[in-house]
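Visitor: Please take me through this model and justify the terms that are applied to it. I should like each label set against its criterion.

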Amino acid sequence: MKDWLRPLSFLRDNLGKDGKNFFTGMAHGTMTVEIFKPVGRDLQQPHAQDELYIVIAGTGIFSKAGEARPFAPGDLIFVEAGLEHRFETFTEDFETWVIFWGPQGGEKS
């Protein structure tokens with residue numbers, strides 16, 4: 001992988017240039033790493049791969065499969081492929097890393 005180190009500033013600088021609220025900063029095989037910064041509302045739908053969120057900044061409430069919990073910077077959130085989930089409420093400064101990996105349908109434990 002040629003670009004195996006990407007500073008957060010690189011992802012932030014490219015976020016929104018294509019009109020989207022996320023930017024893919026790295027990919028390899030089934031793995032992609034994004035920065036995600038929704039504005040106002042999180043409209044995402046369930047994804048085909050397992051994913052991890054690592055909260056960079058901001059606070060709020062995250063909902064997964066009907067359960068809601070507060071989150072803060074540094075928190076790690078795991079979402080299995082196919083599950084309903086979203087950031088229900090969040091501060092204006094909210095942004096998070098998103099890491100997708102594995103097969104379509106998610107890994108089986």
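Guide: Helices and strands here are DSSP runs, of at least four residues (H or I) and at least two (E) respectively, numbered from the N terminus. In this predicted model, Trp 4 is placed in the segment before α1 (8-14).

Visitor: What makes Trp 4 exposed or buried?

Guide: The relative accessible area of Trp 4 is 62%. Exposed means over 50%, so Trp 4 is classed as exposed. Together with Met 1 and Leu 5, Trp 4 forms a nonpolar surface patch, whose accessible area is about 400 Å² in total.

Visitor: How do you know that Arg 6 and Asp 3 form a salt bridge?

Guide: Their side chains meet with an N to O distance of 2.8 Å. The criterion is a side-chain nitrogen of Lys or Arg within 4 Å of a carboxyl oxygen of Asp or Glu, so the pair qualifies. Arg 6 has a relative accessible area of 25% and Asp 3 one of 35%. Partly exposed covers the range between 20% and 50%, so both residues carry that label.

Visitor: How many salt bridges does this rule give, and which residue pairs with Lys 64?

Guide: The count comes to 5 salt bridges. Lys 64 pairs with Glu 80, the closest N and O atoms being 2.9 Å apart. Lys 64 belongs to strand β4 (residues 60-64) and Glu 80 to the loop between β6 and β7, so this salt bridge ties together parts that are 16 residues apart in sequence. Lys 64, at 23% relative accessible area, and Glu 80, at 31%, are both partly exposed. Another salt bridge joins the side chains of Glu 67 and Arg 69, at 2.8 Å from N to O.

Visitor: Why is Glu 67 called partly exposed, and why is Arg 69 called exposed?

Guide: The cut-off for exposed is over 50%. Glu 67 has a relative accessibility of 42%, so it counts as partly exposed, whereas Arg 69 has 54% and counts as exposed.

Visitor: What makes β4 and β5 a pair of strands?

Guide: Pairing requires at least two bridges found by DSSP. β4 and strand β5 (residues 67-71) have 5 bridges in the antiparallel sense, so they pair. Ile 61 has Pro 70 as its bridge partner in β5, and Gly 60 stands opposite Phe 71. β4 is also joined to β7 by 5 bridges, again antiparallel, and there Lys 64 stands opposite His 85.

Visitor: What is noted about the phi of Ala 65, and where is Ala 65 found?

Guide: Ala 65 is found in the loop between β4 and β5. This residue has a positive phi of about 50° although it is not a glycine. The hairpin of β4 and β5 has 2 residues between the strands. At a relative accessible area of 54%, Ala 65 is over the 50% cut-off and is therefore exposed.

Visitor: Which residues make up the largest nonpolar core, and what makes it a core?

Guide: The largest nonpolar core has 12 residues, including Phe 36, Tyr 53, Val 55, Phe 71, Ile 77, Val 79 and Phe 100. The term requires buried residues of the nonpolar kinds joined through side-chain atoms within 4.5 Å. β3 (50-57), β6 (76-79), β7 (85-90) and β8 (95-101) each give two or more residues to this core. Beyond its neighbours within four places in sequence, Val 55 is in contact with residues among them Phe 71, Ile 77 and Phe 94. In soluble globular proteins, nonpolar side chains tend to be buried together.

Visitor: How do you know that the side chains alternate along β6?

Guide: Ile 77 and Val 79 point to one face and are buried, while Leu 76 and Phe 78 point to the other and are not. In a regular strand, side chains alternate between the two faces of the sheet. β6 pairs with β3 in the antiparallel sense over 4 bridges, and Leu 52 stands opposite Phe 78.

Visitor: Why is Phe 23 called buried?

Guide: Phe 23 has a relative accessibility of 17%, and buried means under 20%, so the label applies. Phe 23 is found in strand β1 (residues 22-28). Not counting residues up to four places away in sequence, it touches Phe 10, Leu 11, Asn 14, Leu 15, Val 33, Glu 34 and Ile 35.

Methods: Residues are numbered from 1 along each chain as its sequence is written. This is a predicted model: local features need pLDDT of at least 70, side-chain atom pairs count only at pLDDT 80 or more; totals for chains, interfaces and linings use all residues. Side-chain values use heavy atoms; hydrogens and water are left out. Patches are made of residues with over 30% relative accessible area and no salt bridge: like charges are joined within 9 Å, nonpolar side chains (Val, Leu, Ile, Met, Phe, Trp, Tyr) within 5 Å. Accessible areas come from the Shrake-Rupley method with a 1.4 Å probe; for residues, only the protein chains shown count as cover. Buried means under 20% relative accessible area, exposed over 50%, partly exposed in between (1.4 Å probe, protein chains only). Contact means heavy atoms within 4.5 Å.
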